[in-house]
Amino acid sequence: MDAIWKAGKLRTGIMGGTFDPIHNGHLALADTAYRQLGLDHVLFLPARIPPHKQNRPAGATPLQRVRMTQLAISGYPYFSLDQEEMCRDGISYTKDTLLRLKRNEPETEFFFIIGADSLMSFDTWYHPEIICSCCHLAAAIRDDFPLEVLQKKSEELEARFQASVFILNIPKMDISSTMLRGLCRQEKSIRTYVPEAVADYIEENNIYGGSGQNEQL
């Protein structure tokens, strides 16, 4: 659907994820949303325990994931870090985060930035109707989900949850955190896929090599 901007209203993008590690695909998606949606800034919210990844393999500690996110976004003046989910006990539900943000900034227009796969499974999330009442959804096109499929799913979500969905046009990037952790374990370079400062931090702390520092948040 087309954006209807209200004069003087702050527009904030939200990038959630485990960021284990954060990579150039995350940054490209956030930057694309910033530019295509005319956002004022984008918040990065590392999740301590994501609902859909409660049994994920061990990786970086919470503090290491926060530090990698800080390093990755340091060159973008319109990106900032929100650590609220990392400090919260229990599962990091998007619903709770958005209710907190709306309570603190009731006049801000929020855009929750997600991948196409997350849009397709959005109706399985915890209280999707509450999420949709707090923000717009901004989903990236991916080759494995054609535009017409995403548009049809958007219409379904609009009908079921009164969702407001925007489709972002972004080039496909074959990067995943799972892939990067695997490359690190194989002692292969990931410098093509992550900011230099993040690559340095991973190497200095041997985060994915089995003998990294066990920092805790």
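Of the 217 residues in this protein, 48% count as buried. The model you are looking at is a predicted one, so treat each value here as something computed from that model. The chain forms nine helices and six strands. Its accessible surface adds up to about 10,800 Å², and carbon and sulfur atoms supply 48% of that area. Now think about how the chain folds back on itself: among contacts with a separation of 6 or more, 76% join residues 24 or more positions apart.

Let's start towards the beginning of the chain. Pro21 sits in the loop between β1 (11–17) and α1. The peptide bond leading from Asp20 into Pro21 is cis, and its omega is near 5 degrees. Why is that worth a second look? Most peptide bonds are trans, and most residues other than glycine have a negative phi. Keep the second half of that rule in mind, as we will come back to phi later on.

Next comes helix α1, which covers residues 24–36. Its 13 residues reach 18 Å from the first C-alpha to the last, close to the 18 Å expected at 1.5 Å a residue. Which residues of α1 are buried? They are Gly25, His26, Leu27, Leu29, Ala30, Asp31, Thr32, Ala33 and Tyr34. After the helix you meet Gly38, whose phi is positive, near 65 degrees.

Now move along to Asp82, in the loop between β3 (79–81) and α3 (84–87). Is Asp82 buried or exposed? Its relative accessibility is 11%, and residues under 20% are classed as buried, so Asp82 counts as buried. The side chain of Asp82 reaches the backbone nitrogen of Glu84 at 2.9 Å. If you leave aside neighbours within four places in sequence, Asp82 is in contact with Leu43, Phe44, Leu45, Pro46, Arg100 and Leu101. Phe44 shows how sequence and space can tell two stories: Phe44 and Asp82 are 38 residues apart along the chain, yet their C-alpha atoms are separated by 6.0 Å.

A little further on, Ser92 lies in the loop between α3 and α4 (94–104). Ser92 is buried, with a relative accessible area of 3%. A polar atom of the Ser92 side chain lies 3.3 Å from the backbone nitrogen of Arg48.

Let's turn to a pair of helices. The axes of α2 (residues 62–73) and α9 (residues 196–205) come within 8 Å and cross at roughly 150 degrees. Because angles over 145 degrees count as roughly antiparallel, α2 is roughly antiparallel to α9. Which residues make the contact? From α2 come Gln64, Arg67, Met68, Leu71 and Ala72, while α9 supplies Ala197, Val198, Tyr201, Ile202 and Asn205.

Here is where phi returns. His127 is found in the loop between α5 (116–120) and α6 (128–134). His127 has a positive phi of about 55 degrees although it is not a glycine. With a relative accessibility of 32%, His127 counts as partly exposed. Glu187 offers another case, with a positive phi near 60 degrees in a residue other than glycine. You can find Glu187 in the loop between α8 (177–185) and α9. Is Glu187 buried or exposed? At 75% relative accessibility, Glu187 counts as exposed.

Our last stop is Arg160, which lies in helix α7 (residues 147–161). Arg160 has a relative accessible area of 51%, and the exposed class is anything over 50%, so Arg160 is exposed. Which side chain does the Arg160 side chain meet in a polar contact? The partner is the side chain of Asp123, at 3.3 Å. Arg160 can also be compared with Glu129: the two are 31 residues apart in sequence and 8.2 Å apart in space, C-alpha to C-alpha.

Definitions and conventions
Residues numbered from 1 in each chain as written. Predicted model: local features only at pLDDT ≥ 70, side-chain atom pairs only at ≥ 80, totals over all residues. Heavy atoms only, no water. Helix = DSSP H or I, 4+ residues; strand = E, 2+ residues; numbered from the N terminus. Buried < 20%, exposed > 50% of the residue type's maximum accessible area, 1.4 Å probe, protein only. Contact = heavy atoms within 4.5 Å. Areas by Shrake-Rupley, 256 points an atom, 1.4 Å probe, with all protein chains shown as cover. Polar contact = N/O pair within 3.5 Å; in protein donor to acceptor, adjacent residues only side chain to side chain. Expected span 1.5 Å × (residues − 1). Axes fitted to C-alpha atoms, helices over the stretch in contact; angles between N-to-C directions. Parallel < 35°, antiparallel > 145°, perpendicular 65-115°, else oblique.
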